[in-house]
Amino acid sequence: MKIAVCQMDAAISDQEERLSVIERFASEAAEEGVRILVFPELAITGYGAGEVIASTAENFKESPVLARLSDLAKKLELAMVVGVALKQADHVFNTAVFLTPDGSRTAYSKVQLYGAYEKGLFQPGDAPSLIVEFEGLKPGFLVCFDVEFPERTRDLAMRGADLVLVPTALPKSSAGAFIAGSVVPVRAFESQIFLAYANHCGADQNFAYQGSSCVAAPDGTLLASAGRHAELIFADIESLAYEHSREQNPYLDELVTVDPA
């Protein structure tokens, strides 16, 4: 299966312009035969939009933005993961939504909120990611800081996910470079799964971003990686091509749990 990751320019602050960019990149991806396209964390508003994120958050079932994106997925006949802010009761959640061509929607809300900025805007999610089936693959979902905790990726792998899709807003720093270049491939390797990591690039009014979006394979190699500019990157997900790596590194099969008592 061909997938793509969209690295978006953080400097775009207008929501309608961001939606137009998403539509343009999705059209380009469809022309290239992409089946799953991953956009960054809070791609609709931008990560650094502050209180605008909370004030424009919509309900999962009644969201005009998600309805528009769902129509786009149907029209282009591809699936998309988009980072959005969703409201439930009095709480706002930092959420990844998976939209498929048949109209279905799956939501996962970020569990590991990062820093005072996020904790001031969002309620942490309280449920693990669902694992869905799409055209022979079983993707699961994390958001940004989640993937820096090995337990999150391992949980998905142990429950049968073979691909983890991760919208992110990784800051520009030496740590950011290490996370994108080393931590993400290691997460794929230690659980022998594919991992797609979609970041912003450039800067908004509050933050600068690392770029360096990527797709990592079960053997830890990068199948695709982005630089510092807005772009689409593509990767072919061929699970059977990594059976040797799984046989050589059988972490899931050989995991031993020890009762501390």
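Helices and strands are DSSP runs, helices of at least four residues and strands of at least two, numbered from the N terminus. By that numbering, Glu-77 falls in the loop that links helix 3 (64-76) to strand 3 (79-88). The legends below describe a predicted model.

**Figure 1. Overview of the chain.** The predicted chain contains 8 helices and 13 strands. Its C-alpha trace extends over about 50 × 45 × 35 Å along the principal axes. The radius of gyration is 17 Å, which agrees with the value near 18 Å that a compact globule of 261 residues would have. Of the 261 residues, 52% are buried. Where contacts join residues at least 6 apart in sequence, 67% of them link residues at least 24 apart. The exposed area of the chain is about 11,400 Å², and carbon and sulfur atoms supply 51% of that area. The chain carries 20 positive and 36 negative charges, and the mean positions of the two sets are 3 Å apart.

**Figure 2. Two loop residues with positive phi, Glu-77 and Ala-89.** Most residues other than glycine have a negative phi. Glu-77, which is not a glycine, has a positive phi of about 60°. Its place is in the loop between helix 3 and strand 3, and at 54% relative accessibility Glu-77 counts as exposed. Ala-89 also has a positive phi, near 55°. Ala-89 belongs to the loop between strand 3 and strand 4 (91-99). With a relative accessibility of 66%, Ala-89 counts as exposed.

**Figure 3. The nonpolar cores and Leu-165.** In soluble globular proteins, nonpolar side chains tend to be buried together. The largest nonpolar core of this chain has 46 residues. The residues with the most contacts inside that core are Ile-3, Ile-36, Val-38, Phe-98, Leu-165, Leu-195 and Tyr-197. A second core, separate from the largest, has 29 residues, including Ala-4, Val-21, Val-65 and Val-82. When residues up to four places away in sequence are not counted, Leu-165 touches Ile-36, Val-38, Val-81, Phe-98, Pro-139, Gly-140, Phe-141, Leu-142 and Ala-196.

**Figure 4. Ile-3 in strand 1.** Ile-3 is part of strand 1, which covers residues 2-9. Because its relative accessibility is 0%, Ile-3 counts as buried. Apart from residues up to four places away in sequence, Ile-3 touches Val-34, Ile-36, Leu-163, Ala-196, Val-215, Ile-233, Phe-234, Ala-235 and Ile-237. Glu-32 is 29 residues from Ile-3 along the chain, and the two C-alpha atoms are separated by 9.6 Å.

**Figure 5. Asn-199 between two strands.** Asn-199 occupies the loop between strand 8 (194-198) and strand 9 (200-203). This residue is buried, with a relative accessible area of 0%. Beyond residues up to four places away in sequence, Asn-199 touches Cys-6, Gln-7, Met-8, Pro-40, Thr-168, Ala-169, Leu-170, Tyr-209, Gln-210, Gly-211 and Ser-213.

**Figure 6. Thr-45 in the loop before helix 2.** The loop that holds Thr-45 runs between strand 2 (36-38) and helix 2 (51-55). At 11% relative accessibility, Thr-45 counts as buried, since buried means under 20% relative accessible area. Its contacts, leaving aside neighbours within four places in sequence, are with Ser-13, Gln-15, Arg-18, Ile-53 and Thr-56. Thr-45 and Ala-208 are 163 residues apart in sequence, and their C-alpha atoms are 15 Å apart in space.

**Figure 7. The buried residue Asp-146.** Asp-146 is situated in the loop between strand 6 (139-141) and helix 5 (150-158). With a relative accessible area of 0%, Asp-146 is buried. Outside its neighbours within four places in sequence, Asp-146 is in contact with Tyr-108, Lys-110, Val-111, Gln-112 and Arg-152. The C-alpha atoms of Asp-146 and Leu-113 are 7.9 Å apart, while the two residues are 33 residues apart in sequence.

**Figure 8. Glu-190 in helix 6.** Helix 6, made up of residues 174-191, includes Glu-190. Not counting residues up to four places away in sequence, Glu-190 touches Pro-150, Arg-154 and Tyr-251. Arg-246 is 56 residues from Glu-190 along the chain, with a C-alpha separation of 9.9 Å.

Definitions and conventions: Residues numbered from 1 in each chain as written. Predicted model: local features only at pLDDT ≥ 70, side-chain atom pairs only at ≥ 80, totals over all residues. Heavy atoms only, no water. Rg over C-alpha atoms; globule rule 2.2 N^0.38 Å. Buried < 20%, exposed > 50% of the residue type's maximum accessible area, 1.4 Å probe, protein only. Contact = heavy atoms within 4.5 Å. Areas by Shrake-Rupley, 256 points an atom, 1.4 Å probe, with all protein chains shown as cover. Lys, Arg positive; Asp, Glu negative; His and termini not counted. Charge placed at Lys NZ, Arg CZ, Asp CG, Glu CD. Core = buried A, V, L, I, M, F, W, Y, C linked by side-chain atoms within 4.5 Å.
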